[in-house]
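Please work through the structure shown here by question and answer. Each reply should reason briefly and finish on what was asked.

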Amino acid sequence: MEHHVFEALQGCLSAEPNMRMRSELALKQLELNTEFSLAVASIALASAAGPAVQQAAIVQLRGYIGRHWSIGSAKYEQGPIPDQQIKCQVREKVFALLSSDDRKLRTAAAAAIAGLARYDWPDEWPQLFSQLVELLHGRNRGQVHAAMCVFGEWVNSDLSGQHMEQIGALLPQLKRIFVSSDEYGVETRVMSVKVFGDCIEIIANMSSVQKHFVDTHAPPILEEWMHPIVDIISQPVSTVGNVSNIPLKIECIRAVVRATEGLPRLMSAHNVLLLEALWQQLQDIQEPFLHAFVYDDSEHNESATSLLVFCDDDGSVYSIDNYLLGIFEWISKVAESKSVRKFFITKVEGSSTASPTPLFGQLVTCLLSYAQITSEMMDDWADDMDLFVADEDEEGYRFNVRVSVQELLQILDMAFESTLPSALSWATHERTKLALQWRLQEDSRWWLVSEAILWAIGTLADSVISQKDSRVVAGQLDLDALFESNVWPLAQSPAFPYGQGRAFIFASSIGRALPADIAAAFIGASSKAVADTQLHSAVRLSAVRATGNFCRQLTPELAKPHQDTFVRGLATVIPQLSEDSAHVALDAMHAALRVDKGITATLEPVISQVAIGIWQRYPGDVLLTSIVIDIVEDMASNEQACEAFAQRALPIIGSTISQSSDGVVISSGIDILAGLIKGGPTPMPEGYTDGIFPQLMQILLASTDSEVLQSGQACLKFFVQKDAQRVVQWRDSAGVSGLDHIIRFVALLLSPDSSESSALFVGDLATKIVQKCGSLISGDVLAELVRVVTARLATARTSSFCSSLLPFYAHLVAQHPLAVVDLLDRMRFVEQSGLPVVLAAWFKHYLDVQGYYNRKVSAVALTRLFALRDPRISAIIVPGDIVPNTANKGKIVTRSMSRSNPDQYTQISAPAKIIKLLLAEIEVDVESMFARQTAAGIGAAMGDAGASNVGEDGDDDDAEEDDWEDDAEYDALDDLASAKKYGYLSDFIDGENNDDDDDDDDEDVLADPIYNQDLNQHLGVFFGQAINGDRDGFNSAIVPALTAKETMVLERLCAH
């Protein structure tokens, strides 16, 4: 066996491709022999085999372990598993390789042992941990390195809070290795810090279930480690020959970040010491960083690069960039903490306002220096302008020092909204002095400084504009001086295209704050630059972004004179752009066509050609298609342009979706058709239902593509919404109506063999049919629709699918509660009626229903079900509250533990469940959640009294303790910052940033009284009626099912 394996391994190393292929196939066959693992382990240990074959053998063994060592492996392949005798021999041989003189062989063996440990420790290889720790005790550097390699993989992937005994034994050895700089190499010490970070993460994960244990044992560990870590951090960067402390510094800051993230309260004691050390590092590294990465023509470039970039013997490159990223990340995590906040802001004596500390201003100044464009970035952009576009996007995919600075500035802005602008103003003044000095000296580096200033301020443009609008003079940026010293010089410097482009982008980012004459000058220059082929590509692309921003920010009066020039310029640019860059220009065109509908209508042929043309070129690009859909919707809603636009677009869309066999193309075409219908008039013009509707139905009824089916559901919903009468009246050659075709499509989607992911939007379609066609179809058709939906709901598995179907019932019940109950009760599914099927799913997934309107309808529908006081509903028993599981108490519950000890629930009546859900709805407060009302939920339902005491969760165990006697003033100073953060959250829940909720675009929804009523007030009235209507019955049937908290809320409601 061993001979055959040896020959196959040798063949795998052959330069002849056919030989390699035959040998690899032979190894796959040999793996099916139970002695294969022993053979490769023996070859790996045999020095006579030669280093190459030994290395190949251990790599082969590692793969074999994943495929055939245990049936529990995620990569397990069918085949025999070695018996325990063979496994024991393999483990001994592989462990012996940790003492090999060959470093690569040791490292490969360590990886194999980590794989074995996953399946064999502690049951079959109980001594492994102690064996590895014993190696750490020894003085053999190779063995220590190998053991560290094992722990490096093993601890992170397989140890948990259940292994604290082993972690407790390991940490002292890691610490000894870390501080023994004379005894161990940098690589081994780096791994010791990395494993320490893994251990800290495990301890942090225990905080939620074993807080006392963590609070007792973690502080001494942190105290023991943080001081030597700070010592390493405080050392000057050093790279001499093949030895550098950069890898160690990088791993130290990573460990600090992990500890701060996992144990913020316990790490607060070390924050000041860390801040001092890291601030000094930022200052010390700044100058060599600029010479190494920014000013590449500097005479100090070579020496600075050799200091800050290190390549080890394995070819791994360690750059100071990664160290800086860690520093910025740590500052972002502790900036708001009480232990360091006083270093950023100080209270103005005799005032309730705050001002930035000198350190804060110096830090921002330092960040502006690190934010400069590097020579590597410019080289990349010169080779590929798509990278320039990507780096300028808010969510670019390349993370570097500049992006890290941007994230830190944004976090500081959220933390210190009232003081960061002052710090930024001071930093801008300091950096501008340097830019002016260099410009006067004709030093070409000046533009990099000015560009970074404008880039940073543009990053915080909203705060700058907000401060200007508030008319707060103190600390406000002097925009006149900024334009005079930085913006105009860059705008007039074609020799520095990236700087010139930044001037355009910056001016557009604060367009609302600009004087009218400056804004007009810049939008005029930008719109002309878009079409100027003599300009550098970076300037033209920057001008494209700028003009799009101007169109969004400036008044139509200022933008309108340039709309025609800009759109026509974009029409020449977009066809030249690649798929990765076209979105910038297309998005700008979308902004431009909203300036003036009349001008847009005159440009309809240009816009149509560009928008439909770019979709035809890149139909599979999700981003581009989404922008095209936005343009299509806007053009369809433009009364002066919609008819001409539709006449151009419909034939192209129809022919594309009919002739293509690519599901992606068909799906995107249907999405664009949906946008055309959604944005268009009601009822739809000729050519939709009679023209493209038959093509659409033919495609949907024959398709099995999930994306096509999802897009089709959304499109048909708009067909029904916009032109229900015509859809019902339309007939095909066989006399089948359009609505019958749609209901047939719904039935296909809800058939048992159809996937739930393909039917995610069928609930919306069915709901729209009920809303628009209820009076146009017979009761039998509606009953069949209810039966089809209910049959699928009875077998639904995923929460998202179930919750998508619930609005269908909610709308029916809200209008005809008793009729729906009667209908569901008559239906039979297996051994029960449809009523318990629907109610069980409704109760289970009630809180998963998406959308402001759907949530309100669902709540109102439940109130009407309860008001029926129907005995059929009262007889249904459903799960109530979870019963505490003592078997899993105080443990981190794994999936296997959940399966063996599943959660149990109390059993309560359906009316009691309705009350519990609606009480929860009061606390969730859908009105405030979706920013539709200003009143708090309980306050609106029962008055303000006592509302503040409901739903309090108590102290936050992970919050940082009050370290400073005078912290109250800092808390007060940052109230606005906290409000701003919550404001951002509410924006994303349902504010202007949320594009997923179509409630405000649906005329049927807007006309529904339920949409316009205050749900909180409605529920307050409902609870009063529910209690007073039958107090005895309520107290006996409902109250016993309520928790203490729910009872308290109910009592407060009754009191009002």
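The questions below concern a predicted model.

Q: What does helix α24 span between its end C-alpha atoms, against the 18 Å of a straight helix of 13 residues?
A: Helix α24 covers residues 479–491. At 1.5 Å a residue, a straight helix of 13 residues would span 18 Å. Between the end C-alpha atoms, α24 spans only 15 Å.

Q: At which residue in α24 does a kink lie?
A: The bend is about 30° and comes shortly before the proline P489. P489 is among the buried residues of this helix, as are L482, F483 and V487. The residue at the kink is also buried, and it is S485.

Q: Which residue caps the N-terminal end of α24?
A: The cap is made by a side-chain oxygen that lies 3.2 Å from a backbone nitrogen. That nitrogen belongs to D480. The capping residue is D478.

Q: How many disulfides does a search of the whole structure find?
A: A disulfide is a covalent bond between the sulfur atoms of two cysteines. Among the cysteines, C88 counts as partly exposed because its relative accessibility is 34%, whereas C773 has 1% and counts as buried. The number of disulfides found in the whole structure is zero.

Q: Is L739 buried or exposed?
A: L739 has its place in helix α37, residues 738–749. Its relative accessible area is 3%. The cut-off for buried is under 20%, so L739 is buried.

Q: Which residues is L739 in contact with, leaving aside its neighbours within four places in sequence?
A: One of the partners is I769, which is 30 residues apart from L739 along the chain. The C-alpha atoms of L739 and I769 are separated by 8.6 Å. Another partner, C773, is buried at 1% relative accessibility. The full list is V727, V728, I769, C773 and I777.

Q: How many residues apart in sequence are the parts that the pair R67 and E31 ties together?
A: R67 forms a salt bridge with E31, and the closest N and O atoms are 2.4 Å apart. R67 lies in helix α4 (residues 51–69), and E31 lies in the loop between α2 (17–30) and α3 (36–45). Both R67 and E31 are buried. The parts that the pair ties together are apart in sequence by 36 residues.

Q: By about how many helical turns are D564 and R568 separated?
A: The side chains of D564 and R568 meet in a salt bridge, at 3.0 Å from N to O. D564 is partly exposed at 29% relative accessible area, and R568 is partly exposed at 41%. Because they are four residues apart in helix α28 (residues 556–573), their separation is about one helical turn.

Q: Which two helices hold R855 and E921?
A: The side chains of R855 and E921 meet in a salt bridge of 3.1 Å, N to O. The pair ties together parts that are 66 residues apart in sequence, because R855 lies in residues 852–868 and E921 in residues 910–924. R855 is buried at 6% relative accessible area, and E921 is buried at 1%. The helices are α43 for R855 and α46 for E921.

Q: Which residues do salt bridges that share partners join into one network?
A: A search of the whole structure finds 44 salt bridges. Some of these share partners and form one network. The residues joined are K194, D198, E201 and R258.

Methods. Residues numbered from 1 in each chain as written. Predicted model: local features only at pLDDT ≥ 70, side-chain atom pairs only at ≥ 80, totals over all residues. Heavy atoms only, no water. Expected span 1.5 Å × (residues − 1). Bend = angle between axes of the 7 residues up to and from the residue. Buried < 20%, exposed > 50% of the residue type's maximum accessible area, 1.4 Å probe, protein only. Polar contact = N/O pair within 3.5 Å; in protein donor to acceptor, adjacent residues only side chain to side chain. Disulfide = S-S within 2.5 Å. Contact = heavy atoms within 4.5 Å. Salt bridge = Lys/Arg side-chain N within 4 Å of Asp/Glu carboxyl O.
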